[in-house]
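Work through the exercises below with the sequence and the model at hand. Each task is followed by a solution in steps.

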Amino acid sequence: MSRIISTSVRFPERYYSQTMLAATLRRWFRSADLTFPDLDVIDQLFKNSMIEGRHFGLPLDDVFDPPGPGTAMTRATTEATELVVPLLRTLLEDVGLDPAAIAQVASATYLSSMPSLESRVLFRVPFAATTRRLPMFGQGCMAGAAALARTHDYLEGHPEDASVLFTVELSSIFWYGALQRDLSELDKQLGDNPSAYSDMVSNILTAALFSDGAAAAVMVGDEHPLADDGRPHPKVLATRSVQVPDSERLMGLDYVDTGLRCVLRPEVPAMIKAALPDAVEGFLAQQGLCIDDIGLWIVHPGGPKVLDAIQSFCGLSQSDLQLSYEVLADVGNISSATVLVMLDRVLAAPPPPAGTYGFLMAMGPGFATESVLLQW
């Protein structure tokens, strides 16, 4: 087993209401003089997301005259690093650990960077030169759960070690040119390309859902001194990865000539239902448990339809997934960081009764799921 000792989160200072973001996108459509026939779909998608507001690391000032891809990526990478560095310093100070005592640092993000983000952070925070690096890219929304799982795997083999993992996303980069260029190009194809309309709607949905933020956790193995410091740290009992066959085109990022294009197909909720028997029931049965044994659900809120699918399959009430709905409303979908933001809220509250099982799960491109079984 491994233990989650502490978590921390950090958000950019800019916070925009969902209403303001929808109005900004509508204004851009009008300024670009596009032929897209139904601007009301913008308000509909933004409203149906159940999000009240989101943090943006990059300002909306340049929406109507966005920079090129290089400038956008440079600004996003810089902002991501500036979020993570103080986040990790605070996290380690709070638990009394010297950065040099950390054996491994894992990072999860969809920002493409070389050297990877944890390498950039290692130059700013005094980790040891021998610290192992575990960069994780390409897993989208499930990357935070995957980072917890892979860190647990490492600590199972190195029970005396302490590890740090962090997730950081700058989804506002889509508003920095990629969204506008792609919508403009797709708009030209309306009438000739039947899929152009659905691709434009997918772009609008991306603009309606994703937000910015960073979250991190300290985990230790069973033989580390912090494992038995008298506090009720959740233990990671087991993990599960599930890959759904023939689903690679349902969710992800495409690199197109105009920049990044987020792929979100309407079949995603149905695919989630296909993954859940193995990701939930099969996983729990392997541990001698069932759904009724779970006292705390930490489920990535990919969107209302995703939560509806999970709630229906598992026979849960909305109160069982209240944490998911609250985080979605407060900060939106922060992709990989979302489950750690949720876990941070759980750890900040009074601990559940000893012995309580928690189920942490996220879904992402592949199509795949990552599940983590916790116990207090």
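**Exercise 1. Place Ser324 in its helix and decide whether it is buried or exposed.**

Step 1. Ser324 belongs to helix α10, residues 322-331; helices (H or I, at least four residues) and strands (E, at least two) are DSSP runs numbered from the N terminus.
Step 2. The relative accessibility of Ser324 is 0%, so Ser324 counts as buried. Buried means under 20% relative accessible area, exposed over 50%, and partly exposed in between, with a 1.4 Å probe and protein chains only.
Step 3. Residues up to four places away in sequence are set aside; Ser324 then touches Val299, Pro301, Leu307 and Met342. Contact means heavy atoms within 4.5 Å.

The model is predicted: local features need pLDDT of at least 70, side-chain atom pairs count only at pLDDT 80 or more, and totals for chains, interfaces and linings use all residues. Residues are numbered from 1 along each chain as its sequence is written, and side-chain values use heavy atoms, with hydrogens and water left out.

**Exercise 2. Describe how α10 crosses α11 and which residues make the contact.**

Step 1. Two packed helices are described by the angle between their axes and the distance between the axes.
Step 2. The axes of α10 and helix α11 (residues 338-348) come within 10 Å and cross at roughly 115°. Axes are lines fitted to C-alpha atoms, for helices over the stretch in contact, and angles run from 0 to 180 degrees between N-to-C directions.
Step 3. The crossing of α10 and α11 is right-handed. A crossing is left-handed if the near helix is turned anticlockwise from the far one by less than a right angle, and right-handed if clockwise.
Step 4. From α10 the contact takes Leu323, Ser324, Glu326, Val327 and Asp330, and from α11 Thr338, Val341, Met342, Arg345 and Val346.
Step 5. By class, the contact of α10 with α11 has five nonpolar, two polar and three charged residues. Ala, Val, Leu, Ile, Met, Phe, Trp, Tyr, Cys and Pro count as nonpolar, Asp, Glu, Lys and Arg as charged, and the others, Gly among them, as polar.

**Exercise 3. Give the same description for α1 and α7.**

Step 1. Helix α1 (residues 18-32) and helix α7 (residues 196-209) have axes that come within 10 Å and cross at roughly 145°.
Step 2. The crossing of α1 and α7 is right-handed.
Step 3. Gln18, Leu25 and Phe29 of α1 make the contact with Met200, Ile204, Ala207 and Ala208 of α7.
Step 4. The classes in the contact of α1 with α7 are six nonpolar, one polar and no charged residues.

**Exercise 4. Where do Asp33 and Met50 lie, and what is phi in each?**

Step 1. Most residues other than glycine have a negative phi.
Step 2. Asp33, in the loop between α1 and α2 (40-48), has a positive phi of about 55° although it is not a glycine. Asp33 counts as exposed, at 66% relative accessibility.
Step 3. Met50, in the loop between α2 and β3 (53-56), has a positive phi near 65°. Met50 counts as partly exposed, at 39% relative accessibility.

**Exercise 5. Find the contacts of Ser171 and Leu237 beyond their neighbours in sequence.**

Step 1. Ser171 is in the loop between β6 (162-170) and α6 (178-189), and counts as buried at 2% relative accessibility.
Step 2. Neighbours within four places aside, Ser171 is in contact with Tyr110, Phe210, Ser211 and Asp212. Ser171 and Ser211 are 40 residues apart along the chain, and their C-alpha atoms are separated by 5.3 Å.
Step 3. Leu237 lies in strand β8 (residues 235-243) and is partly exposed, with a relative accessible area of 26%.
Step 4. With neighbours within four places left aside, Leu237 contacts Met1, His152, Tyr357, Leu373 and Gln375. Leu237 and His152 are 85 residues apart in sequence and 9.0 Å apart in space, C-alpha to C-alpha.

**Exercise 6. Summarise the chain as a whole.**

Step 1. The chain has eleven helices and 13 strands.
Step 2. The radius of gyration, taken over C-alpha atoms, is 20 Å, close to the 21 Å that the globule rule gives for 376 residues, so the chain is as compact as a globular protein of that length. The globule rule is 2.2 Å times the number of residues to the power 0.38.
Step 3. Of the 376 residues in the chain, 60% are buried.
Step 4. Among contacts between residues at least 6 apart in sequence, 80% join residues at least 24 apart.
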